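User: Please take a close look at a single part of this model, a surface near DNA. I should then like to see that part placed in its surroundings, in one connected account.

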Protein chains: 2
Amino acid sequence: MIVSTKGRYALRVMVCFAQRGREEYIPLKEIAEAEGISQKYLESIMTVLSKAGFLDAVHGKGGGYRLNRDPQEYTIGSILKLTEGGLSAVSCTAQGAAACSRTECCQAKPMWERLDKMIDDFFEGITLADLLKENE
Amino acid sequence: MIVSTKGRYALRVMVCFAQRGREEYIPLKEIAEAEGISQKYLESIMTVLSKAGFLDAVHGKGGGYRLNRDPQEYTIGSILKLTEGGLSAVSCTAQGAAACSRTECCQAKPMWERLDKMIDDFFEGITLADLLKENE
DNA sequence: ATATTACCCATGGAATTACTAGGTAAATAC
DNA sequence: GTATTTACCTAGTAATTCCATGGGTAATAT
């Protein structure tokens with residue numbers, strides 16, 4: 001499993017915002033109910049997205065979240081890397097991984113690196129706007 | 001993380017057997033020491049490989065394990081799928097996954113399916129023999 | 001002031017992963 | 001036929017990660 005609930009929720013929510021447009025702020029509560037996601041859990045995800053500048057957030061009545069760019073400006077890769085903390089297929093190539101003692105002679109490393117690159121290219125080549133179109 | 005320690009150990013061990021050739025049986029103990037893997041943990045992995053017919057195993061002195069085909073007859077995909085129990089990138093597309101209630105309207109499902117196919121093709125396109133060549 | 005919203009910090013339960021322990025069965029060596 | 005060497009089997013445990021909850025504080029609007 002390379003993408004957990006957290007990343008999948010983040011994607012769903014971003015798609016949801018993309019569908020709603022950038023006119024209004026939408027409160028977390030509304031999104032959580034519409035998507036059937038625990039409000040509290042979603043909170044932690046929204047905060048990450050907001051702090052990273054993926055969303056605008058305003059407090060108080062009439063507040064909530066909204067996108068601050070057009071859907072085609074968000075790659076799926078950027079959303080997943082942010083919420084999952086990376087997309088490496090194996091721990092060997094993950095960021096901050098302890099250097100493997102077999103790095104020098106590891107037969108598999110070049111393969112893992114090619115895989116990581118392939119996955120990264122895949123997700124960077126898809127945007128929120130593409131996902132919106134999927135089900136037309 | 002799509003491939004855990006288990007799958008990576010399995011690969012390393014299979015590479016190791018491929019390097020040693022098919023003349024002799026090699027006892028688990030020797031492989032575990034050579035690779036620096038816990039003997040007991042490796043045992044559980046070897047049993048899976050053996051039961052699936054990836055290796056021949058014989059008991060007693062002079063016994064151990066050995067490959068029963070040429071290295072190019074083993075795809076990396078077959079080894080990983082066996083030891084990891086599948087290679088799905090998300091739980092939504094994993095074997096035996098509970099049908100998602102949003103299957104009908106999920107914007108992301110086609111993407112996950114394309115990703116799974118890409119990963120599967122990647123691993124099925126590489127064999128043990130290819131890994132042996134990596135470091136020449 | 002009050003209501004509504006986002007933000008922050010800590011905690012708990014469940015599931016998975018990685019590894020350990022202790023035995024049984026099969027084959028060979030003497 | 002006993003001892004040794006090997007694979008095989010079942011169970012348990014420790015550590016980690018994942019998913020979610022609880023209880024507050026800060027900012028904005030009416």
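Analyst: Helices and strands are here runs assigned by DSSP, of at least four residues (H or I) for a helix and at least two (E) for a strand, and they are numbered from the N terminus. The model is a predicted one.

The part chosen is the surface near DNA strand C. A total of 27 residues surround this strand, and the closest are L28(A), S4(B), T5(B), S38(B) and G60(B). Both protein chains supply elements that give two or more residues: from chain A these are α2 (28–35), α3 and β2 (64–67), and from chain B they are α1 (5–20) and α3. The largest share belongs to α3(A), with five residues. Divided by class, the surface near DNA strand C holds 13 polar residues, seven nonpolar and seven charged.

The surface near DNA strand D can be set beside this description. Here too 27 residues surround the strand, with S4(A), T5(A), S38(A), K40(A) and G60(A) as the closest. The elements giving two or more residues are α1 (5–20) and α3 (39–51) of chain A, joined by α2 (28–35), α3 (39–51) and β2 (64–67) of chain B. For DNA strand D, the largest share comes from α3(B), again with five residues. The class division for DNA strand D is seven nonpolar, 13 polar and seven charged.

How are the two protein chains related? A rotation of 180°, with 0.0 Å of shift along its axis, superposes chain B on chain A with an RMSD of 0.1 Å. This is the relation of a two-fold axis. The same surface serves both copies, as 100% of the contact residues of chain B recur in chain A. Within chain B, I2(B) comes closest to the rotation axis, its C-alpha lying at 2.5 Å.

The contact between the chains joins 23 residues of chain B to 23 residues of chain A. On the side of chain B that touches chain A, the elements giving two or more residues are α1, α5 (109–124) and α6 of chain B. Of these, α5(B) gives the most, with five residues. This side of chain B divides into 17 nonpolar, four polar and two charged residues.

Helix α1(B) therefore takes part both in the surface near DNA strand C and in the side of chain B that touches chain A, and it deserves a description of its own. Its 16 residues should span 22 Å at 1.5 Å a residue, and this agrees with the model because the end C-alpha atoms are 22 Å apart. Among the buried residues of α1(B) are G7(B), Y9(B), L11(B), V13(B) and F17(B), and also R8(B) and R12(B). The buried residues of this helix pack against α2, α3, β2, α4 (76–84) and α6 (128–133) of chain B. Just after α1(B), G21(B) has a positive phi of about 85°.

Chain A, which supplies α3(A) to the surface near DNA strand C, has six helices and two strands. Along the sequence these follow the pattern α-α-α-β-β-α-α-α. The C-alpha trace of chain A spans about 60 × 30 × 25 Å along its principal axes. Of the 136 residues in chain A, 31% are buried. Among its contacts between residues at least 6 apart in sequence, 64% join residues at least 24 apart.

Definitions and conventions: Residues numbered from 1 in each chain as written. Chains lettered and ligands numbered in written order. Predicted model: local features only at pLDDT ≥ 70, side-chain atom pairs only at ≥ 80, totals over all residues. Least-squares fit on C-alpha atoms with pLDDT ≥ 70 in both. Contact = placed C-beta atoms within 7 Å. Near = placed C-beta within 6 Å. Nonpolar A, V, L, I, M, F, W, Y, C, P; charged D, E, K, R; others polar. Buried ≥ 20, exposed ≤ 12 C-beta atoms within 10 Å, placed from the backbone. Expected span 1.5 Å × (residues − 1).
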